Amino acid sequence: MRPLILILSFALSNFALAQDDEARIHFEAGSLHYQEANYEAALGEFERAYELSELPALLFNMSQCHERLGHLSEAISTLEGFIAGTEDGPEKARQERRLTNLQRRQAEAVAEVIRAVDALSLIHI
């Protein structure tokens, strides 16, 4: 949870600098929804804030929501976007490790589906 708060704080300060009231409103609404574990609503708000501001920090927030919702492909793609827009440093390295973990989890999920399909093909009715 700590990295999320760090990124959220960073994004909020950027909103203040950008003077984009509508994006800030969506960001703040998304933050409240996230804290309430309403990840679908949070995601929608973060996506709208990103459309308005294009702040890479919001891609991190969107990735967090996607992961919590079980959308691993979307979590991976938004995290890749965040990493691409992040300067080298400890946070980028941490998120690269998280990306590797998400990719591993996705590969395991795909392998599990393939095993299930193969098992079904062995059943004769």
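Helix H2 spans residues 21-35, and both Asp 21 and Arg 24 sit in it, three residues apart, or about one turn of the helix. In this predicted model, the two side chains form a salt bridge, with the closest N and O atoms 2.5 Å apart. The partners differ in how much surface they show: Asp 21 is partly exposed at a relative accessible area of 47%, while Arg 24 is buried at 18%. Arg 24 falls into the buried class because its 18% is under the 20% limit.

A similar arrangement turns up in helix H3, which runs over residues 39-53 and holds both Arg 48 and Glu 51. Here too the spacing is three residues, about one turn of the helix. The salt bridge between Arg 48 and Glu 51 has its closest N and O atoms 3.0 Å apart. Arg 48 counts as partly exposed, with 31% relative accessibility, and Glu 51 counts as exposed, with 53%. For Glu 51 the class follows because 53% is over the 50% limit.

The salt bridge between Arg 105 and Glu 67 is of another kind, with an N to O distance of 2.7 Å. This pair links distant parts of the chain, 38 residues apart: Arg 105 belongs to helix H6 (residues 90-121) and Glu 67 to helix H4 (residues 57-69). On the H6 side, Arg 105 is partly exposed at 28% relative accessibility; on the H4 side, Glu 67 is buried, its relative accessible area being 17%. Salt bridges with shared partners also tie Glu 22, Arg 48 and Glu 51 into one network. The full count of salt bridges comes to eight.

As for the overall layout, the protein chain has six helices and zero strands, so its elements read α-α-α-α-α-α from the N terminus on. Of the 125 residues in the chain, 34% are buried. Taking contacts between residues at least 6 apart in sequence, 48% of them join residues at least 24 apart.

Turning to helix packing, H3 and H4 come together at an angle of about 155°, with their axes 9 Å apart. That angle makes H3 roughly antiparallel to H4, and the crossing is left-handed. From H3, the residues involved are Tyr 39, Glu 40, Ala 42, Leu 43, Phe 46, Glu 47, Ala 49, Tyr 50 and Ser 53. They meet Leu 58, Leu 59, Asn 61, Met 62, Cys 65, His 66, Arg 68 and Leu 69 of H4. By class, this contact of H3 with H4 divides into eleven nonpolar, three polar and three charged residues.

H4 also packs with helix H5, which covers residues 72-84; the two axes come within 8 Å and cross at roughly 165°. H4 and H5 are therefore roughly antiparallel to each other, and their crossing is left-handed. H4 brings Ala 57, Leu 59, Phe 60, Met 62, Ser 63, His 66 and Glu 67 to this contact, and H5 brings Glu 74, Ala 75, Thr 78, Leu 79, Gly 81 and Phe 82. The contact of H4 with H5 has seven nonpolar, four polar and two charged residues. Among the H4 residues here is Glu 67, whose side chain also meets that of Arg 105 in the salt bridge described above.

Two residues of H6 round out the picture. Leu 102 lies in helix H6 and counts as buried, at 0% relative accessibility. With its neighbours within four places in sequence left aside, Leu 102 is in contact with Ser 63, Glu 67, Leu 72, Ala 75, Ile 76 and Leu 79. Several of these names are familiar from the contact of H4 with H5, including Ser 63, Glu 67, Ala 75 and Leu 79. Between Leu 102 and Leu 79 the C-alpha to C-alpha distance is 9.5 Å, for a separation of 23 residues in sequence.

Ala 107 is likewise placed in helix H6, but it is partly exposed, with a relative accessible area of 46%. Ala 107 and Leu 72 are 35 residues apart in sequence, and their C-alpha atoms are 9.9 Å apart in space. Leu 72 is also one of the residues in contact with Leu 102.

Definitions and conventions
Residues numbered from 1 in each chain as written. Predicted model: local features only at pLDDT ≥ 70, side-chain atom pairs only at ≥ 80, totals over all residues. Heavy atoms only, no water. Salt bridge = Lys/Arg side-chain N within 4 Å of Asp/Glu carboxyl O. Helix = DSSP H or I, 4+ residues; strand = E, 2+ residues; numbered from the N terminus. Buried < 20%, exposed > 50% of the residue type's maximum accessible area, 1.4 Å probe, protein only. Axes fitted to C-alpha atoms, helices over the stretch in contact; angles between N-to-C directions. Parallel < 35°, antiparallel > 145°, perpendicular 65-115°, else oblique. Left-handed = near helix turned anticlockwise from the far one by under 90°. Contact = heavy atoms within 4.5 Å. Nonpolar A, V, L, I, M, F, W, Y, C, P; charged D, E, K, R; others polar.
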